[in-house]
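Visitor: Hey, can you walk me through this one? I'm new to this.
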Amino acid sequence: MSRVWNFSAGPAALPQAVLERAQREMLDWNGSGASVMEQSHRGKRFIEMAARAEADLRSLLAVSADYAVLFLQGGATQHFAQIPMNLADAGDSADYIVSGHWSEKAVSEAAPYLRVNVAASGEAGHYLALPPRESWQLDPQAAYVHYTPNETIHGVEFHDIPEVGAVPLVADMSSNILSEPLDVSRFGLIYAGAQKNIGPSGLVVMIIRRDLLQRAGRPMARIFRYAEHAAHDSMLNTPNTWGWYLAGLTFQWLQEQGGVAAIGERNRAKAELLYRSIDGSGGYYRNPVEPSARSRMNVPFTLHDAALDAAFLKESETAGLLALKGHKAVGGMRASLYNAVPPEAVQVLTAFMRDFAQRHG
Ligand code: PMP
C-alpha cells in the first residue's frame with residue numbers, strides 16, 4: 001500500500017487511524033454484523049453513536065447547552081441560502097464581510113432571501129489582506145453579520161474573532177473548524193462542510209444558538225427549518241449516516257491527539273515551517289498574502305517563473321506529494337494543511353521545494 005502526502009483543499013486528507021478503523025469496522029460495525037451504512041438511523045446502535053459524536057464535538061469545542069449541534073446535508077453552499085431563510089425575514093438585511101471567493105459565494109446565494117449589505121470587502125486589494133475592522137460599515141439593525149474566518153482559495157484567515165456588538169455573528173468555518181481552540185460563545189451560528197477537518201463530503205456540522213432557532217419567520221418547508229432539525233436531533237429525515245459515523249471517529253481521534261489546543265499548536269508549527277520556506281527562498285517561491293492575514297490551513301504560493309509550474313507539479317507528484325495545484329482563481333500552487341496532514345508531510349514538502357529550486361535554479 002502506498003499512501004501519498006495529501007495536500008488537497010477538499011475533500012481532503014483524513015486521519016489514517018480513522019480510515020483504518022473504518023476499514024476494520026466496515027463489514028461488522030459494533031457487533032451488528034452489518035456496516036454502519038446498512039442499518040437504520042432509528043436503531044439503538046446508530047442513535048448511541050450519533051449522540052456520542054455530538055457529545056465529543058461539544059467537549060472538543062466546549063459548546064454550552066445554549067447551542068444546538070446539528071448534523072445536516074447540502075454542503076456549506078446550501079446553507080449560504082438556508083441561513084438567511086432561517087435567520088431573516090424577507091425585508092430584513094444582513095451584513096456580509098467579503099474576504100475572498102467563499103464569502104462572495106455566500107453573498108450571491110443569500111441575495112434572493114434578504115437585502116445583503118456588503119459591510120466590508122477586500123476585493124479591491126485582490127483579497128490579499130483582510131478588510132480592516134475600522135472600515136466595516138455595520139448596521140446595528142442587521143439580522144446577523146456573516147463572515148468567512150478562513151478563505152480556502154485566497155489563503156487569508158482571521159486570527160481574531162471580530163467584535164460586532166449585539167448582532168449575531170455567523171461564521172462559515174468549513175476550512176478551519178476544529179483547527180485550534182475557539183470561543184463558541186462569541187457566535188450566533190457556526191457551520192462547516194465536513195470535507196476538510198471533519199470527514200467526508202455530504203455532511204454539514206452546525207452549531208447554532210438556540211434563541212436563533214426561534215427566528216424563522218417566513219413560510220418554508222419543514223426540511224429547510226433549522227428548528228425542526230434541532231427538535232428531531234438532526235433526524236428529521238435520513239441523515240448522512242456514513243458521514244456522521246466518520247465525523248464521530250475524527251472527533252475521537254482529535255481527543256486522542258490532545259484536543260484542539262494540541263492540534264492548534266501542531267497546525268501553527270506546520271504553517272510556520274511552510275511560510276518560512278517560502279519567505280526564505282529568496283523570491284523563488286512567493287506567498288502574496290499580508291503576513292498577519294495568512295491562513296494556517298491553506299497556503300497558496302507561486303513560483304518565480306510560471307513556466308516551471310508544470311514541472312513542479314509533475315515532479316511533486318512523482319515524489320508522492322498530492323494535490324498541490326492551486327485554484328484557477330489565483331493560479332500557482334496551494335498546500336492545504338488541515339488537521340489530518342501530519343508535520344512530516346510539510347517537512348517532505350519543504351525539502352522537495354528546496355531541492356526543486358536548486359535543480360531548476
Ligand atoms: N465555504 C468554504 C470556506 C469552502 O472552503 C467551501 C468548499 N471548498 C465551501 C464553502 C463550499 O462547500 P460545499 O462544496 O460543501 O458546498
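Guide: Here is a short chat about the ligand, two residues and the domains.
Guide: This is a predicted model, where local features need pLDDT of at least 70 and side-chain atom pairs count only at pLDDT 80 or more, while totals for chains, interfaces and linings use all residues. Residues are numbered from 1 along each chain as its sequence is written.

Visitor: Cool. Which residues surround the ligand?
Guide: The shell is Gly 10, Gly 75, Ala 76, Thr 77, Trp 102, Thr 148, Thr 152, Asp 172, Ser 174, Ser 175 and Gly 193. A residue belongs there if its C-beta atom, placed from the backbone, lies within 6 Å of the molecule.

Visitor: Which element gives the largest share of that shell?
Guide: That's α3, with 3 residues. Helices are DSSP runs of H or I with at least four residues, strands are runs of E with at least two, and both are numbered from the N terminus.

Visitor: And how do the shell residues divide by class?
Guide: There are 2 nonpolar, 8 polar and 1 charged. Here Ala, Val, Leu, Ile, Met, Phe, Trp, Tyr, Cys and Pro count as nonpolar, Asp, Glu, Lys and Arg as charged, and the others, Gly among them, as polar.

Visitor: Let's pick Ala 76. Where does it lie?
Guide: Ala 76 is part of helix α3, residues 75-87.

Visitor: Why does Ala 76 count as buried?
Guide: Because Ala 76 has 24 C-beta neighbours inside 10 Å. The cut-off for buried is 20 or more other C-beta atoms within 10 Å, exposed is 12 or fewer, and partly exposed is in between, with C-beta atoms placed from the backbone.

Visitor: What does it touch?
Guide: Not counting residues up to four places away in sequence, Ala 76 touches Asp 172, Ser 174, Tyr 191, Ala 192, Gly 193 and Val 204. Contact means C-beta atoms, placed from the backbone, within 7 Å.

Visitor: What about Thr 152, buried or exposed?
Guide: Thr 152 is buried, with 27 other C-beta atoms within 10 Å. You'll find Thr 152 in the loop between β6 (150-151) and β7 (156-157). Leaving aside neighbours within four places in sequence, Thr 152 is in contact with Ala 9, Gly 10, Trp 102, Ser 175 and Asn 298.

Visitor: New topic: how is the chain divided into domains?
Guide: Domain 1 covers 17-256 and domain 2 covers 259-359, with bounds from an automatic or database domain assignment. The contact takes 23 residues from domain 1 and 22 residues from domain 2.

Key
Contact = placed C-beta atoms within 7 Å.
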